[in-house]
Amino acid sequence: MNISQEELLHKLQLRGIKPTAMRLLILRAMTAQREAFSLQSLEDDLDTVDKSTIYRTITLFLTHHLIHAIDDGTGSLKYAVCANSCHCGEEGGSIGDLHAHFYCERCHRTFCLNSIHVPVVTLPGTFEVHSINYVLKGLCSECSAKTHDAHDCR
C-alpha cells in the first residue's frame, strides 16, 4: 500500500508521536507490508537503518498504540499498523476493538482479520482480562488455492 507523507504525519499526530525522518521512514516501511511483519523482516527491509533504532521505534509505536503486537505461536512476535480508528489497547479502549488474526501454516504469514472481532468471554469471579490473543491457524487463501489447484491436476 502506498501511503502519502501527509497520511503518515496524520497517523503519528493522532497517537501523539513527534514526527522525525526516521520514524516516518520506519512507518512507511510498516504500512507497505501486506500482512503482519516481524522485527527481522523490518530490519531486512530497512537494512541501512540501525537495528536499535528500529527496535526503539517499534517500542514507541506500541506504547502509543500506533501498532499492535501479535503472538501467532511461532516464537517471534509480529506487528501490524493499527487503523486510525482503532483503540485496541488504549486506556478506555474496549475488547470490541480487538480483532482476530490468522496464521498460515504453509507460507508462515500472519494476517489481521479486522472484520472478525474477538468474542467476549465472561470470566468467573474477580478474574481480570489484561490481554487476548485470538489466532486462527490453517491455510491462507493463496495457499488454499494452490492446494485445490494441485488436487484438480490429478
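## A briefing on two sheets and a pocket

Let's start with strand β4, residues 99-104, which is mostly covered: six of its six residues are buried. Please keep in mind that this is a predicted model. The protein has 154 residues, and 33% of them count as buried. Its five helices and six strands follow the pattern α-α-β-α-α-β-β-β-β-β-α when read along the sequence. Among contacts with a separation of 6 or more, 54% come from residues 24 or more positions apart.

**The sheet around β4**

- Strands β5, β4 and β6 form an open sheet in the order β5-β4-β6, and the pairing in this sheet is mixed.
- The edge strands here are β5 and β6, each of which pairs on one side only.
- On average, neighbouring strands of this sheet are turned by 30° against each other, with direction ignored.
- As a general reminder, the strands of a sheet pair through backbone hydrogen bonds, and the pairing is either parallel or antiparallel.
- On one side, β4 runs antiparallel to strand β5 (residues 110-117), and five bridges join the two.
- Three pairs help you trace this match by eye: H99 has H117 as its bridge partner in β5, F102 stands opposite F111, and Y103 stands opposite T110.
- The two strands β4 and β5 form a hairpin with five residues between them.
- Within that turn, H108 has a positive phi of about 65°.
- β4 also pairs with strand β6 (residues 135-138), this time in the parallel sense and over four bridges.
- Y103 is a handy residue to look at here, since it stands opposite K137 in β6 as well as opposite T110 in β5.

**The sheet around β3**

- A second group of three strands makes an open sheet in the order β1-β3-β2, with antiparallel pairing.
- Its edge strands are β1 (37-38) and β2 (67-70), and each of them pairs on one side only.
- Four bridges link β2 and β3 in the antiparallel sense.
- If you want one pair to look for, I67 stands opposite V81 in β3.
- Helix α4 (residues 51-63) packs on this sheet and touches β2 and β3.
- The direction of α4 makes about 105° with that of β2.

**Helices α1 and α2**

- The buried residues of α2 are L24, I26, L27, A29, M30 and T31.
- These buried residues pack against helices α1, α3 (39-45) and α4, and also against strands β1, β2 and β3.
- In helices more broadly, an α-helix has 3.6 residues a turn, so residues three or four places apart point the same way.
- E7 is found in helix α1, which covers residues 5-14.
- Why does E7 count as partly exposed? Its relative accessible area is 43%, and the partly exposed class lies between the 20% cut-off for buried and the 50% cut-off for exposed.
- E7 and R28 are 21 residues apart in sequence, and their C-alpha atoms are 9.9 Å apart in space.

**The second largest pocket**

- In general, rolling a probe the size of a water molecule over the atoms shows where empty space is left.
- The second largest pocket holds about 440 Å³ of space.
- Its lining is made up of 23 residues, and those nearest its centre are A80, V81, A83, C112 and N114.
- The elements that give two or more residues to this lining are α2 (21-31), β3 (78-81) and β5.
- Which element gives the most to the lining? That is β5, with four residues.
- By type, the lining residues divide into 12 nonpolar, seven polar and four charged.
- V81 links two of the topics above: it stands opposite I67 in the β2 and β3 pairing, and it lies among the residues nearest the centre of this pocket.

Notes
Residues are numbered from 1 along each chain as its sequence is written. This is a predicted model: local features need pLDDT of at least 70, side-chain atom pairs count only at pLDDT 80 or more; totals for chains, interfaces and linings use all residues. Side-chain values use heavy atoms; hydrogens and water are left out. Buried means under 20% relative accessible area, exposed over 50%, partly exposed in between (1.4 Å probe, protein chains only). Two strands pair if DSSP finds at least two bridges between them. On a 1 Å grid over the protein atoms alone, a cavity is a set of points where a 1.4 Å probe fits but cannot get out, and a pocket is an open set with protein on both sides within 12 Å along at least five of seven lines; lining residues have an atom within 4 Å of a point. Grid points are joined across faces, edges and corners, and a volume is the space filled by probe spheres set on the points. Ala, Val, Leu, Ile, Met, Phe, Trp, Tyr, Cys and Pro count as nonpolar, Asp, Glu, Lys and Arg as charged, and the others, Gly among them, as polar. Contact means heavy atoms within 4.5 Å. Axes are lines fitted to C-alpha atoms, for helices over the stretch in contact, and angles run from 0 to 180 degrees between N-to-C directions.
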